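I went through this model with a short list of things to look up. My entries follow in the order in which I made them.

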Amino acid sequence: MIHLMFMLVLAEMALILSLLFRTPLRKLVMMGLDRLKQGRGRLVANTVAATMTLLFSSIIYHATIIHKRSAEASMVNPTEEVLMAQRELEASLIGFSLFLALTIDRLYYLIKELYLLRTSLEAAIIMHQAG
């Protein structure tokens, strides 16, 4: 699961970088996000986000159980230490992935609004020059 989460975080970071800079790839990504936001895509994205949030809370819960067990024993068990490190890595990757997904969503809406403002401003300038 950790490899999958690393790939997801890297893909989200690449998507954010493609949205930040004005390239032909940005238009392609915006068209893809437009299609994703239409129809059932939004429902699927919300379901995946809810599942990841539930998984994140489950990992945090299990990490606190491991921490309490090691605090009660007052001796660090190597197996529990490895499990705790793995849970912390999974939790941080899922949390970072959720944050990047939120960032992608906000960037999409900001860029879309910027396009709409630019086109309306250009139309207003043309009408002002013509009149």
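**Entry 1: Glu-90.** I looked up the contacts of Glu-90 in this predicted model. Leaving aside residues up to four places away in sequence, Glu-90 touches Met-1, Ile-2 and Ile-59. I placed Glu-90 in helix H4. Is Glu-90 buried or exposed? Its relative accessibility is 8%, and the limit for buried is under 20%, so I logged Glu-90 as buried.

**Entry 2: distances from Glu-88.** I took two C-alpha to C-alpha distances from Glu-88. Ile-60 is 28 residues from Glu-88 in sequence and 7.9 Å from it in space. Ile-60 lies in helix H3 and is partly exposed, because its relative accessible area is 38% and the partly exposed class runs between 20% and 50%. Gln-129 is 41 residues from Glu-88 in sequence, and the two are 61 Å apart in space. I found Gln-129 in helix H4. With a relative accessible area of 64%, Gln-129 is exposed.

**Entry 3: aromatic pairs.** How many aromatic pairs does the structure hold? I noted 2. In the pair Phe-96 and Phe-99, the ring centres are 6.5 Å apart and the planes stand at 25 degrees. Stacked requires planes under 30 degrees apart, so I entered the pair Phe-96 and Phe-99 as stacked. Phe-96 and Phe-99 are 3 residues apart in helix H4, so about one helical turn separates them. Phe-96 has a relative accessible area of 37%, and I put it down as partly exposed.

The other entry under this heading is Tyr-108 with Tyr-109. Their ring centres are 5.1 Å apart and their planes are at 65 degrees. The cut-off for edge-to-face is over 60 degrees, so this pair is edge-to-face. I also checked the accessibility of both residues. Tyr-108 is buried at 2% relative accessibility, whereas Tyr-109 is partly exposed at 33%.

**Entry 4: nonpolar core.** Tyr-108 came up again when I looked at Leu-33. Not counting residues up to four places away in sequence, Leu-33 touches Leu-19, Ile-104 and Tyr-108. Which residues have the most contacts inside the largest nonpolar core? They are Leu-19 and Leu-33, in a core of 18 residues. H1, H2, H3 and H4 each give two or more residues to this core. The largest share comes from H4, with 8 residues. I added one general remark: in soluble globular proteins, nonpolar side chains tend to be buried together.

**Entry 5: largest pocket.** I recorded a volume of about 520 Å³ for the largest pocket. There are 19 lining residues, and the closest to the pocket centre are Leu-36, Arg-42, Ala-45, Ala-49 and Ala-101. The elements that give two or more residues to the lining are helix H1 (2–20), helix H2 (24–37), helix H3 (41–73) and helix H4 (78–130). Which element gives the most to this lining? It is H3, with 8 residues. By type, I split the lining residues into 12 nonpolar, 3 polar and 4 charged.

How values were computed
Residues are numbered from 1 along each chain as its sequence is written. This is a predicted model: local features need pLDDT of at least 70, side-chain atom pairs count only at pLDDT 80 or more; totals for chains, interfaces and linings use all residues. Side-chain values use heavy atoms; hydrogens and water are left out. On a 1 Å grid over the protein atoms alone, a cavity is a set of points where a 1.4 Å probe fits but cannot get out, and a pocket is an open set with protein on both sides within 12 Å along at least five of seven lines; lining residues have an atom within 4 Å of a point. Grid points are joined across faces, edges and corners, and a volume is the space filled by probe spheres set on the points. Helices (H or I, at least four residues) and strands (E, at least two) are DSSP runs, numbered from the N terminus. Ala, Val, Leu, Ile, Met, Phe, Trp, Tyr, Cys and Pro count as nonpolar, Asp, Glu, Lys and Arg as charged, and the others, Gly among them, as polar. Buried means under 20% relative accessible area, exposed over 50%, partly exposed in between (1.4 Å probe, protein chains only). Contact means heavy atoms within 4.5 Å. Rings of Phe, Tyr and Trp (its six-membered ring) pair if their centres lie within 6.5 Å; planes under 30 degrees apart count as stacked, over 60 as edge-to-face and the rest as tilted. A nonpolar core is a set of buried Ala, Val, Leu, Ile, Met, Phe, Trp, Tyr and Cys residues joined through side-chain atoms within 4.5 Å.
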